[in-house]
Amino acid sequence: MKRVIKKVAVLGSGIMGSRIACHFANIGVEVLLLDIVPKELNQQEKDKGLTLDKPAVRNRIVTQAFQNTIKSKPASLYHSSFAPRVSLGNFEDNMKEISEMDWIIEVVVEDLKIKKLVFEQVERYRKPGTIITSNTSGIPINLMIDGRSADFQKHFCGTHFFNPPRYLRLLEIIPTSKTDPSLVDFLMHYGNLFLGKETVLCKDTPAFIANRIGIYGIMSGLHAVEKMGLTVGEVDRMTGPVIGRPKSATFRTLDVVGLDTMVNVANNLHQGLVNDESRDGFKLADIVKALYDKKWWGDKTKQGYYKKIKNDKGKTEILELDLKTLEYGPRTKAQYPSLEAVKDNEKLNERIPILLNAEDQAGEFYRRTFYDLFGYCSLRIPEIADELYQIDQAVSAGFGWEIGPFKTWDLLGVKDTAEKMENMGYKPAHWVHDMLDAGNDTFYKSKNGVALYYDLESKSYKHVPGTEGLILLSDYHKDKIVWEKAGATLYDIGEGIINLEFHSKMNSIGADAIEGINVGITMAEENFRGLVIGNEADNFSAGANLAMLFMYAGDQEFDEINLMIAQFQNTMKRARFSSVPVVAATSGMALGGGCELSLHCDAVQAHAETYMGLVEVGVGLIPAGGGTKELVLRAADAYQSGDPEYNTLQKYFMNIATAKVATSAHEALEMDLIQNGEDITLNRSRLIADAKERAIQLADIGYTQPLERKDIKVQGRGGMALFEAGIGGMLFGNYISEHDAKIVRKLSYVMNGGDLSAPQLVSEQYLLDLEREAFLSLTGEPKTLERIQSILFKGKPLRN
């Protein structure tokens, strides 16, 4: 049967329920969010003279929960205007409305008895064939269908979202023995394409895949910390971004999630996994028991492994727990030669072998924890998953790891690592030795850009399901590289399209990136049909490389700065005025120069999680890579569409002056950084393929090289006078400093076309020249140098 999801009911409005509802609203689905009816009035309701039969009272629980969710940060909605897509109600008055729904998701408390009571109500109103799923994270799925009708059982399974659903990409699909296989196929496809998830098929085993492996990895690490006498700060330095894991690493993650939550999951697993050979690994380490007993559970109890205080000067200070004395003190840092050796290496596949083979204490910690995890994962097949790629996908998407256990093992060499594991007492599953004995020395391979995995049953390599049609640059063979430098690579991705990938720190735009853009466009014009600029990293580009600018400005080499700006501007013009389509595939940060590059491309294929903005004011400069010019041009076009003059220009001025950043692609659309009609990709893995298709479409319809605009209306002194009134008021009210006022006056000068007595039409080059002059003058300001220096030394992106 053909399924179309237009309406979804979410039963339970707690943190997960409300956030799941928001994510369905994000993709344009109509949502009904329901919860229980209060049994008594609260004091505020009593003061208002309300009674229990009033709708406001009956819907109080769901209303408060949803309002808390849409106010929380990070935002659950792509845009605040999506909130009305969610209708609110209660189980008693509105349960009958589920008869109109295409999908019903249960997200009530983790109590099987309560879930079964909800399912009894659902059975009364649900129309046959409607999908019904549970978001449980631990209750066996098969136990939920006892007593339910055959149609209910056929259309029921587990759909385990990870919190927060908007940001964590994992969606575990857990069918029962009665679930219709076609429904499983539908959910796997729908979750991937429409919800943007890494959908992973799981078996109905305790904690499914991600939490089973992830919690074991955390517990293994904590036991190693205790044995080795490591500190909180040392461990969080070793278990964060340096090994491709989130910044919250180990102990900060426990504080954020809540130590009580982790303890409950670990205890349940230890109790339930009676046949798990590594069951004792889920026992609580003493450094966990002690805090749990004291109820130092992290952020929710105001203290955990870290504690935030006000020091004698009234400033916020974060203290770290001494795991031996259980007293708080100054934060510690890991001082290991291996960490120093990799601190400037941007390539994870090079860092991990260095760290695992190190002879210092960090190396010892990595070997203990990685080898233990490798062995555990190998022994879980086929118990929790039939295929190894499912474990990698689940852990990476659910816990934010860049690469999963088996891919990590591949980096280290499977055979060599297996031998080292045996020597340390960590035994891999027998199938690993069988694989090696048969001459298969990796878990993964790639062939012509197609990802392959080792299949245990057939003892051969097969395509990773769900990767068909994806473009995975990391799997491309070297013969697909058409040009390469340390900071950028050009790939032939087929059908006449090439892709430019940056791989500098945070993909900042430096000399290699500039050269790559120019070389890529030239190559595309001569031998291809189009160019995509995109990558598989966390960020499209966090902006221009400030290090060179800081050096030139410190030496007062203003001629060099002028040449550098001119080169950047000319490269942006090259993107705009090429004879082939250029498409930017944005995701993560697209800030400063990264935003300017996307503004000059023919199209932007934006991942929903694109954070875009012109943020140069934050370091005491203005956008001078064509960003200011481009927004003036777009404002001028808005005049022609009937927009009152100054309205749009003033909006753009304020966005640049306040270094405003869109926190989603939808907000970038509202800010006109992405044009109406541009496509948004929900699934990050599909982004490069979608951008390629966009470039092909532009080429197929007969792409014509654009001409430089010379009809851009600017406002001159009239516009500057209007903006000056606002600047003066902000300065008078002490909202901005004198230096801030100087920066935004320069910005106003450029955006209004300079000292013109009346509005007139100017060219793009005219505005670019104004940009460059203003930027150059600001680089000589001592306060600008101070701001740049602060960012460089703190390693922060170009953002205020």
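Helices here are DSSP runs of H or I with at least four residues, strands are runs of E with at least two, and both are numbered from the N terminus. The model is predicted, so to speak of a local feature takes a pLDDT of at least 70, and side-chain atom pairs count only at pLDDT 80 or more, while totals for chains, interfaces and linings use all residues. Residues are numbered from 1 along each chain as its sequence is written, and side-chain values use heavy atoms, with hydrogens and water left out.

**View 1. R148 and E123 form a salt bridge.** A salt bridge here is a side-chain nitrogen of Lys or Arg within 4 Å of a carboxyl oxygen of Asp or Glu. In this pair, the closest N and O atoms are 3.0 Å apart. R148 sits in the loop between β5 (131-134) and α7 (150-154), while E123 belongs to helix α6 (residues 112-125), so this is a link between distant parts of the chain, 25 residues apart. How do we sort residues by accessibility? Buried means under 20% relative accessible area, exposed means over 50%, and partly exposed is in between (1.4 Å probe, protein chains only). R148 is buried at 14%, whereas E123 is partly exposed at 23%.

**View 2. E525 meets R574 in a salt bridge.** Here the closest N and O atoms are 2.7 Å apart. The pair links helix α21 (residues 511-527), home of E525, with helix α23 (residues 558-576), home of R574, across 49 residues of sequence. Both ends are partly exposed: E525 has a relative accessibility of 29%, and R574 has 23%.

**View 3. K629 and E764 form a salt bridge between two helices.** Their closest N and O atoms are 2.9 Å apart. K629 is in helix α25 (residues 627-640) and E764 is in helix α31 (residues 764-779), so the pair ties together parts that are 135 residues apart in sequence. Are these two residues buried or exposed? K629 is buried, at 1% relative accessibility, and E764 is buried too, at 3%.

**View 4. Five residues share a salt-bridge network.** R212, D276, E277, R380 and E383 are joined into one network by salt bridges that share partners. For the wider picture, the structure holds 42 salt bridges.

**View 5. Three strands make an open sheet.** The order is β12-β13-β14, and the pairing is antiparallel; two strands count as paired if DSSP finds at least two bridges between them. At the edges stand β12 (444-447) and β14 (460-463), each with a single partner strand, so one side of each has no neighbour in the sheet. On average, neighbouring strands are turned by 40 degrees against each other, direction ignored; the axes are lines fitted to C-alpha atoms, for helices over the stretch in contact, and angles run from 0 to 180 degrees between N-to-C directions. Strand β13 (residues 450-455) pairs with β14 over 4 bridges. Look for L452, which stands opposite H463 in β14.

**View 6. Three helices each give at least two residues to the lining of the second largest pocket.** A pocket (1 Å grid over the protein atoms alone) is an open set of points where a 1.4 Å probe fits, with protein on both sides within 12 Å along at least five of seven lines, and lining residues have an atom within 4 Å of a point. This pocket is lined by 18 residues, among them A657 and M730. Helix α29 gives the largest share, 5 residues.
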